[in-house]
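Hi everyone, thanks for making time this morning. I'd like to walk you through one structure, so please have a look at it first.

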Amino acid sequence: MTTKRYILSAFILSLPVLANAESRWNMNNDGGISWNVPASQTPHYDHMEMSGKNVSTVLRYGVDADGKFVLNKSLVWPMLRTIPNNTHASLMRRYDWNPLDAVTVNGRSLSGEKVKEISIKGALNVKSDFEQGYYGKYELIRDYFPSTDLPALVEIYKLINKGDRPMKVEIGDSRMISTTDPASGVTGSYTITGAVDSTGYFTVQPGDTLTFSASISAVRNGERTVSLNATAEKEKRSDLVGDWMNTLVLETPDPVIDRMFAFSKIRACESIYDTKGGPMHGPGGESYYAAIWANDQAEYINPYFPFTGYAYGNASALNSFKHFARFMNNEMKPIPSSIVAEGLDIWNGVGDRGDAAMIAYGAARYALARGDMKEARELWKLIEWCLDYCKGKLNKAGVVESDTDELENRFESGDANLCTSSLYYDALISASYLARDLGIKDWKKYQSEAKTLRSNIDKYFGKDMEGFETYAYYDGNDKLRAWICIPLVMGIDERATQTLDALFSPRLWTENGLLTEEGDRTFWDRATLYALRGSYTVGETKRATDFLHDYSTTRLLGEHVPYAIEAWPEGSQRHLSAESGLYGRIITEGLFGIRPTGLKSFTLTPHLPSDWDHMSLRDIRAFGSDFDIEVRRLNGDKLCVKVTDGSKSKKYTINSGKSINVKL
């Protein structure tokens, strides 16, 4: 098999192609991305999600054929619960409400708009020119972003007089107030308010700027309407986005991967809600809020939070594991797949998805990377229970049985699937390291059990599939599946070469990443993100980097930006949050090969691409430390690796692909 891009079959070409020969978007010097809008690229429409602790918004925006900006604002208030109070019971509304409809310039409504530029960096920024002849020439700048901690979408408008005479501006009071049906709310009715902060008439001199703001907010009946300072809210949002982007900083010769990594931290970290059940990280997507899942939270993103240094992220991770721990039981009944409604209810609609394996894997990796002995002791009982549960589900072949997997019967997964057993394998390895540091005497038993399981995985799932010596996803599976990448992520490399050939063959790989199953049209980014991490883990650096660059270019600068997505056609490529955490882990665990081996230790296996001479990961907050990793090519396969922890630095000279044991 070669590493070039393949000509796609007809059914693949029917997919929404997100990558163009020329990217629609460009990277800014300020760390963001921009679309400079030529008439030849309109009309064009897109959507993106942004979140704060008490609100989330999906902005459906675009530029029409006449060059005018169009926007629909979808608002989600996760803690304003509706009836029935289930997974999807957040108060949600979509509005075309536009404060500019009540604004006139020199006695005329805003018309003749030509959008010049749209930019994204934790907020949506739009710059437009208006040419109304005798009635004025002016520029309008719009900013849209969620409040960091208030239940409000904030909008800031700047009108800049580009003409040569004073500009008369009138801002009408376009307040919108809506009261919801009390029978539909858990705590009765909710009041939704759209308000403008400044109304009246203003004179804007040539070259001067008039700034005003608006917001859409919601509160419970009897609560005071939200009052905010838009400028202060923008500063708080900008500072928070800056903190995320400037911690755990990637520096490589590939600016697209660097920028996509920086952006992924925004989406990964912002989607945490201040619920009555404590901080809860939620996937989003206008569906999943004030709730946690064994896959999205426990498995995907919680092990990543310690690396980011985001305290609220770590708090949400620990809180989620505490919620799952509530459901440990002596009868060894399965832990719920999801805990919803701010922790008040559960969802377990498809039975056991392998949730205990997901939780054991995520909790053990989180505890190690967090490097906090107190938290580790607190989590050990949950980890141990989940491991015992998985052990009790081993079938006669020694692999773990479950009712389904995290795709929840969208695709067949048999009685025992490759994903669940692979997660259990890695959980056993992590548990051995954690138990050793906790002083548990029989910690080696987990390593022995992992060794046996690894052999059983190969015997039970190993199979020739379409000419590739790889894995059947379950007994009886006869089509290649994207999740054959899972063993690679866990360091199971017996079938690595042929598995990679299968993954990157035209049977599975498309311009949108991996198809879930060959012959189908469905793709889920999570599988692609796992596959890229697994490719690095088993040393397939060139192919991994080539495809990572292509994927990053598509998601950051293509037709639907700027984050990893959930799936297509399901969900219309929603920007679910945990997928951005999986992107980050391609870098930390894949490219740099950081594998926790203790509360203060890890193995480091840097995979420096052959055409790169350096790469660095700075301000890493894991293992209770704040450290940097720098990798530099010496000559040929020789690498110089420098680990700096505070004022102490240590250098290593290794061959490419070799591991270093690091103790902080």
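I'll go through a few strands, one helix and a patch of charge. Keep in mind that this is a predicted model.

Let's start with the hairpins. Strand E32, residues 614-620, pairs with strand E33, residues 627-635, in the antiparallel sense over five bridges. If you want one pair to click on, His-614 has Arg-632 in E33 as its bridge partner. Six residues lie between E32 and E33 in this hairpin, and Phe-623 in the turn has a positive phi of about 60°.

E33 also pairs with strand E34, residues 638-645: eight bridges join them, again antiparallel. Here Asn-635 is partnered with Lys-638 in E34. This hairpin has two residues between the strands, and Gly-636 takes a positive phi near 55°.

Next, an open sheet. Three strands make it up in the order E21-E22-E23, with antiparallel pairing. Strand E21 (292-293) and strand E23 (345-347) are the edges, each pairing on one side only. Strand E22, residues 338-340, is joined to E23 by three bridges, and Ser-338 has Trp-347 in E23 as its bridge partner.

Now the helix. How many residues of helix H4 are buried? Eight of its eight, across residues 294-301; among them are Asp-296, Glu-299 and Tyr-300.

Last stop, the surface. Glu-401, Asp-403, Glu-412, Asp-415 and Asp-475 gather there in a patch of negative charge. Asp-475 sits in the loop between strand E25 (468-471) and helix H11 (486-489). Asp-475 counts as exposed because its relative accessible area is 61%, and the cut-off for exposed is over 50%.

That's my tour, thanks for listening!

Key
Residues are numbered from 1 along each chain as its sequence is written. This is a predicted model: local features need pLDDT of at least 70, side-chain atom pairs count only at pLDDT 80 or more; totals for chains, interfaces and linings use all residues. Side-chain values use heavy atoms; hydrogens and water are left out. Patches are made of residues with over 30% relative accessible area and no salt bridge: like charges are joined within 9 Å, nonpolar side chains (Val, Leu, Ile, Met, Phe, Trp, Tyr) within 5 Å. Accessible areas come from the Shrake-Rupley method with a 1.4 Å probe; for residues, only the protein chains shown count as cover. A salt bridge is a side-chain nitrogen of Lys or Arg within 4 Å of a carboxyl oxygen of Asp or Glu. Lys and Arg count as positive and Asp and Glu as negative; His and the chain ends are not counted. The place of a charge is taken as NZ of Lys, CZ of Arg, CG of Asp or CD of Glu. Helices (H or I, at least four residues) and strands (E, at least two) are DSSP runs, numbered from the N terminus. Buried means under 20% relative accessible area, exposed over 50%, partly exposed in between (1.4 Å probe, protein chains only). Two strands pair if DSSP finds at least two bridges between them.
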